[in-house]
Amino acid sequence: MPGRPFLQIPGPTNVPDRVLRAMDRSVIDHRAPEFASLVKGLLPDLARVFKTEHGRPIVFPASGTGAWEAALVNTLAPGDRVLAFDNGHFADGFAKVAADHKIFVDLLPTDWHRPVPGKMVEEALRDDTEMGYRAVLLVHNETSTGVRNDVAAVRAAIDAAGHDALLIVDTVSSLGCMDFRFDQWRVDVAVTGSQKGLMLPPGLGIVCVGPRALAASERGGSPRSFFDWRAIVRDNEAGFFPYTPATLLLFGLREALDMLAEEGLDEVFARHRRLADAVRAAVRAWDLDIWCKDADAYSHSLTAVVMPPDTDSDVVIRRARERFGLALGTGLSKVKGKLFRIGHLGWLNELEVLATVAGTELALAESGVTVRLGSGAKAAESAFLARETVSP
Ligand SMILES: *Cc1c(COP(=O)(O)O)cnc(C)c1O
């Protein structure tokens, strides 16, 4: 299909040309000084994106799923118990990786339309009088539903219960999109990947590790080798890795971190908010429902759109792809067919959002869903116009 493809799934996201150019170079020797200076510059700047002075970013050649595994096997041992929440496809996936490692997971059911209630966390931890839970697993932004969890509220619940469980947070689709505060929320491990808010191709699994998690990994953890972060922490001191890193992706990461710093994290978050508000205005104009039923918990990375009864979101997704080269996200696991997802995260602007909204609207109409043509695009434009007229 001619023209630029529209990759509007909630990750992988569009890779900026600047990042592509930065990776378009010869691979260098990862045991040479030039590489060491790249790494020594990268790690503190990456820490800034997590908003931490105490946490250490650790980069694996992996995906987000690999970073999940790294977080778990370094801090927990087979037989340990953790508290987790059935709050969406990714929350369940994270819990499954723990269970695969023979960690006992208490997976509490929650409403997939809403964030995990702080009260539920507090009660579960208060009931745990033996301090059996070693960790709480939370997904900051649930990419399957477009519901954002309140990490500060979960931290407050852990504190209120006086519990010492580690707080392990998946930030795969929130880091670089929505505010995340590693130090302030006293997160012990944050997990992310390269291909969403960090605007890189897939290929890096990243964890940020706080002092308590580091201590837990020194004391114990599971049998591990590739994902053992101790050797990486040791070699990173000199700017190196114990095995071959994804050299060119790290050059891309250098550029992406520069771009985030140039725009400023606050502006990056405000832009995500602005684009998300416009998409939500379009969904309302179509008279369709936003899956997330708590406006305070709207994700600014993606919007999950509920299909009318007796319609199949996969029909719309196929139509958008085949007719317009527009990639939309499918409904995952138990919401398959019931919703589609519009990704609006990463390197994205107003005009791309308008095109995405217009293409989605056409795909809906062509799939037999009753939407007024132009209504979504108009609502999104109006949202942008209103913004412009209120700001000085
Ligand atoms: C994308 C995503 C993952 C999985 O990452 P992979 O890179 O596909 O392994 C995990 N958690 C969340 C919240 C995600 O959005």
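This passage describes the domains, pockets, cavities and selected local features of a predicted protein model.

The domain assignment divides the protein chain into domain 1, spanning 17–261, and domain 2, spanning 264–386. The C-alpha centres of domain 1 and domain 2 are separated by 28 Å. At the junction, 29 residues of domain 1 make contact with 27 residues of domain 2. The size of an interface is often expressed as the accessible area lost when the parts come together. Here, domain 1 and domain 2 bury about 2400 Å² between them, and 62% of this area falls on carbon and sulfur atoms. On the side of domain 1, Trp112, His113 and Cys177 supply 25% of the area buried against domain 2, more than any other three residues.

The largest pocket encloses about 230 Å³ of space. Because domain 1 (17–261) and domain 2 (264–386) both give residues to its lining, the largest pocket lies between them. Its lining comprises 14 residues, and those nearest the centre are His140, Arg148, Asn149, Asp150 and Trp185. By class, six residues of this lining are nonpolar, three are polar and five are charged. The second largest pocket has a volume of about 190 Å³. It is lined by 13 residues, with Arg186, Val187, Asp188, Pro211 and Arg212 closest to its centre. The lining of the second largest pocket consists of four nonpolar, three polar and six charged residues.

Closed spaces were also identified, and the structure holds three cavities of 30 Å³ or more. The largest cavity has a volume of about 60 Å³. Its lining is made up of Ala84, Phe85, Asn87, Ala91, Phe94, Val116, Leu137, Leu138, Val139 and Asn149. Asn149 is thus listed both in this lining and among the residues nearest the centre of the largest pocket. Strand β3 (81–86), helix α4 (89–100) and strand β5 each supply at least two residues of the lining of the largest cavity, and β5 gives the most, with three. Eight residues of this lining are nonpolar and two are polar, while none is charged.

The second largest cavity contains about 40 Å³ of space. It is lined by Gly146, Arg280, Ile290, Cys292, Tyr298, Ser299, Leu302, Thr303 and Ala304. β12 gives the most to this lining, with three residues. The class composition is five nonpolar, three polar and one charged.

Strand β12 also belongs to an open sheet of three strands, in which the order is β11-β12-β14 and the pairing is antiparallel. The edges of the sheet are occupied by β11 (289–290) and β14 (339–343), each of which has a single partner strand, so one side of each is left without a neighbour in the sheet. Two bridges join β11 to β12 (residues 302–306) in the antiparallel sense. Within this sheet, Ile290 stands opposite Val305 in β12, and Ile290 is also one of the residues lining the second largest cavity.

Two local features of the backbone were noted. A cis peptide bond, with omega of about -5°, joins Gly11 and Pro12. Pro12 is located in the loop between β1 (6–8) and α1 (17–23). Met131, a residue other than glycine, has a positive phi near 55°. Met131 is placed in the loop between α5 (118–127) and β5 (133–139).

Key:
Residues numbered from 1 in each chain as written. Predicted model: local features only at pLDDT ≥ 70, side-chain atom pairs only at ≥ 80, totals over all residues. Heavy atoms only, no water. 1 Å grid on protein atoms, 1.4 Å probe; cavity = no way out; pocket = protein on both sides within 12 Å on 5 of 7 lines; lining within 4 Å. Points joined across faces, edges and corners; volume = space filled by probe spheres on them. Nonpolar A, V, L, I, M, F, W, Y, C, P; charged D, E, K, R; others polar. Domains from an automatic or database assignment. Pairing = 2+ DSSP bridges. Helix = DSSP H or I, 4+ residues; strand = E, 2+ residues; numbered from the N terminus. Contact = heavy atoms within 4.5 Å. Buried area = accessible area lost by both parts, 1.4 Å probe.
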